[in-house]
Amino acid sequence: MHQLFRLVLGQKDLSRAGDLFSLDDSEIEGSLTEALEQIKIISSSSDYQTNNNDQAVVEICITRITTAIRETESIEKHAKALVGLWDSCLEHNLRPSGKDEDTPHGKIASDIMSCILQNYNRPPVMALAIPIAVKFLHRGNKELCRNMSNYLSLAAITKADLLADHTEVIVKSILQGNAMLLRVLPAVYDKQPQPINRHLTELLALMSQLEQPEQYHLLRLLHVAAKRKQPEVVQKCIPFLIGHLKDSTHNDIILSILIEIAGYEPVALNSFLPMLKEIAERFPYLIGQMARIYGAVGHVDEERARSCLPFLVSQLASMEHSFHHILLLEIKSITDTFSSILGPQSRDIFRMSNSFTAIAKLLTRQLETTKARSDRRKPSTEIEFLEKLEEANLTVDENEDHEKLQVKIQAFEDKINAEGSTPGSIRRYSLDQISKEERKDIRFNRSKSLALHTALTNDLSSEDGEVVESGDTRASISLSEIDPLGQGHDRSPFKGDTDGSQLINSSVSHPSIIHIESENLPETVKENYQEETPDTTSRPVEYHDKLYLHLKENLSKVKAYAVEMGKKIPVPDQCTIEGYEF
């Protein structure tokens with residue numbers, strides 16, 4: 001040991017103690033361990049707590065030693081002696097005698113603690129220090145305990161396994177009011193879950209007493225615990241989590257925990273769905289996470305699927321665009337799992353439109369239809385009539401396509417007559433090409449109509465025969481058949497030659513209206529049917545209705561309007577409808 005240390009500590013010479021700071025750190029580094037052992041002997045004497053001279057000498061020497069250790073980075077070399085002196089302080093009173101006044105041994109413990117635990121990233125030092133450090137948590141010195149908790153939290157970041165063996169002591173310290181140690185528990189849970197699980201209910205009860213950072217660490221603990229898929233933990237924490245969802249500060253992390261639980265224990269969340277719905281209405285920005293929970297519960301069985309789908313569908317119609325994708329994925333996943341909910345038209349509903357409001361409306365109707373199946377059954381005669389009525393409506397749609405083609409052909413003929421075109425000039429245009437373009441329009445519109453028809457009314461022919469009124473929806477999403485650029489008329493004028501006659505004849509020669517025998521139907525049904533189903537079988541080739549004549553007379557204005565709209569809404573380069581490519 002250095003001569004000056006021997007003099008100051010051997011004779012407890014306070015007047016020479018200050019000279020220690022005049023020595024170079026490297027000059028006294030080799031004497032630090034012996035000096036620490038001598039200090040331990042002095043501080044353990046029976047009169048130390050009343051001997052002010054000894055206390056002053058010890059305090060000055062400890063300050064000089066810790067400074068030299070820090071500057072020479074020799075903590076690992078002298079750690080054993082430091083921890084030994086630190087441990088000896090536990091044998092004495094550490095409770096402060098007055099406000100902010102540490103006991104003599106409390107001061108020693110505080111100085112050594114900061115020197116040791118600042119090296120939390122050195123495992124050999126922590127292996128020696130942590131078993132002693134946790135003992136200070138229950139010695140009644142709040143300031144010492146608070147500082148110790150800070151250092152232990154840092155140690156848990158790098159060497160959590162060293163703290164795992166002391167989990168029980170840490171939990172008890174938290175329950176006694178040392179909430180700062182909550183940040184340690186998530187790090188040690190994987191190593192020692194049982195001590196924490198035993199006291200989980202008590203820990204959760206502290207939530208209202210904690211500061212916001214400490215609440216966050218408690219929720220982090222629950223998230224880690226939820227990942228271990230322990231049923232006893234799930235039963236304890238779900239009611240707690242649901243109860244704190246209304247707190248906007250933490251509802252995001254709480255929903256993350258619930259999603260984790262829903263992944264392996266969705267049934268446990270089933271009874272809480274009404275509360276989750278209420279929270280979703282209060283905090284719309286949480287709907288994406290809520291959808292995942294509803295989707296998980298909806299996959300349990302068909303009954304729960306039917307109870308979850310109405311909420312998801314209602315949100316699809318009302319939420320902003322950023323949530324549509326996840327809502328639609330959850331809805332489709334459930335309906336794919338339980339295909340009987342939507343039936344064979346499920347695929348058509350999801351593909352018919354990019355309008356989420358329209359899809360939601362169709363899904364709502366279909367869910368109402370399937371729900372009614374369990375309540376009542378329709379008479380077979382009514383079912384047959386409804387089936388025939390829908391077939392008739394489909395035939396009317398086909399005839400409308402033929403009529404539109406006739407209008408375009410007639411317009412071409414009028415233009416030719418007005419211009420006085422000769423047969424020679426007509427042959428510059430390909431009638432086959434015109435026929436092909438017009439038939440493409442018909443095929444496009446017929447495919448679109450069939451897709452919508454399937455999505456809206458396919459359930460009419462199902463075994464229960466539920467009626468779905470789809471007229472308004474069909475009308476709202478049907479497209480105009482006018483060529484938006486006017487190109488269909490300008491590029492292909494022609495007279496009625498042989499090919500043209502064939503085209504005209506083919507467009508009107510297949511009305512194929514299904515005649516419905518209405519003798520046995522109720523009078524009200526007959527009247528409705530007669531109003532809604534035009535008599536297209538007896539319609540001549542020439543059109544005499546006022547709307548047609550009006551449009552024909554003002555065809556130039558209609559074309560001008562279509563051209564103007566075409567500038568505002570460009571025609572797509574390519575469309576694919578029901579397997580056809582244009």
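**Note on the predicted model: helix H9, aromatic pairs and two buried residues**

1. Thr-167 touches Val-188, Gln-192, Pro-195 and Ile-196, leaving aside residues up to four places away in sequence. This is a predicted model, and the contacts should be read that way. Thr-167 sits in helix H11. Its relative accessible area is 1%, so Thr-167 is buried.

2. Pro-186 belongs to helix H12. Its relative accessibility is 7%; the cut-off for buried is under 20%, so Pro-186 counts as buried. Which residues does Pro-186 touch, not counting those up to four places away in sequence? They are His-217, Arg-220, Leu-221 and Val-224. Ile-196, one of the residues touched by Thr-167, is 10 residues from Pro-186 in sequence. In space, Pro-186 and Ile-196 are 9.9 Å apart, C-alpha to C-alpha.

3. Helix H9 covers residues 142–158. Does its length agree or disagree with the expected span? At 1.5 Å a residue, its 17 residues should span 24 Å. The end C-alpha atoms are 25 Å apart, which agrees. The expected span is 1.5 Å times one less than the number of residues, which is why the 17 residues give 24 Å.

4. What caps the N-terminal end of H9? Asn-141 does. A side-chain oxygen of Asn-141 lies 3.3 Å from the backbone nitrogen of Glu-143.

5. The buried residues of H9 include Leu-144, Met-148, Tyr-151, Leu-152, Ala-155 and Ala-156. Polar side chains are also listed as buried, among them Asn-147, Ser-149 and Ser-153. Cys-145 is on the list too. Against which helices do the buried residues of H9 pack? The partners are H6 (75–88), H7 (104–117), H8 (123–133), H10 (160–164), H11 (167–175) and H12 (185–188). Two of these helices appeared above: H11 holds Thr-167, and H12 holds Pro-186.

6. On cysteines, the structure holds 0 disulfides. Cys-145 has a relative accessible area of 8%, so Cys-145 is buried. Cys-237 is at 0% relative accessibility and therefore also counts as buried.

7. The count of aromatic pairs comes to 3. One of them joins Phe-283 and Tyr-285. Is the geometry of Phe-283 and Tyr-285 stacked or edge-to-face? The pair is edge-to-face, 5.9 Å centre to centre, with 65° between the planes. Planes over 60 degrees apart count as edge-to-face, so the 65° fits that class. Phe-283 counts as buried because its relative accessibility is 11%. Tyr-285 is at 46%, so Tyr-285 counts as partly exposed.

8. Another aromatic pair is Tyr-294 with Phe-311. This pair is stacked: 4.2 Å centre to centre, 25° between the planes. Where do the two residues lie? Tyr-294 is in helix H19 (residues 287–298), and Phe-311 is in helix H20 (residues 302–318). They are 17 residues apart, and the pair links distant parts of the chain. Both Tyr-294 and Phe-311 are buried.

9. Finally, the whole protein. It has 32 helices and 2 strands. Of its 582 residues, 46% count as buried. Among contacts between residues at least 6 apart in sequence, 75% join residues at least 24 apart. The accessible surface comes to about 29,900 Å². Carbon and sulfur atoms hold 49% of that surface.

Definitions and conventions:
Residues are numbered from 1 along each chain as its sequence is written. This is a predicted model: local features need pLDDT of at least 70, side-chain atom pairs count only at pLDDT 80 or more; totals for chains, interfaces and linings use all residues. Side-chain values use heavy atoms; hydrogens and water are left out. Helices (H or I, at least four residues) and strands (E, at least two) are DSSP runs, numbered from the N terminus. Buried means under 20% relative accessible area, exposed over 50%, partly exposed in between (1.4 Å probe, protein chains only). Contact means heavy atoms within 4.5 Å. A polar contact is a pair of N or O atoms within 3.5 Å; within protein, one must be able to donate a hydrogen and the other to accept it, and residues adjacent in sequence count only if both atoms are side-chain atoms. Accessible areas come from the Shrake-Rupley method with a 1.4 Å probe; for residues, only the protein chains shown count as cover. Rings of Phe, Tyr and Trp (its six-membered ring) pair if their centres lie within 6.5 Å; planes under 30 degrees apart count as stacked, over 60 as edge-to-face and the rest as tilted. A disulfide is a pair of cysteine sulfur atoms within 2.5 Å.
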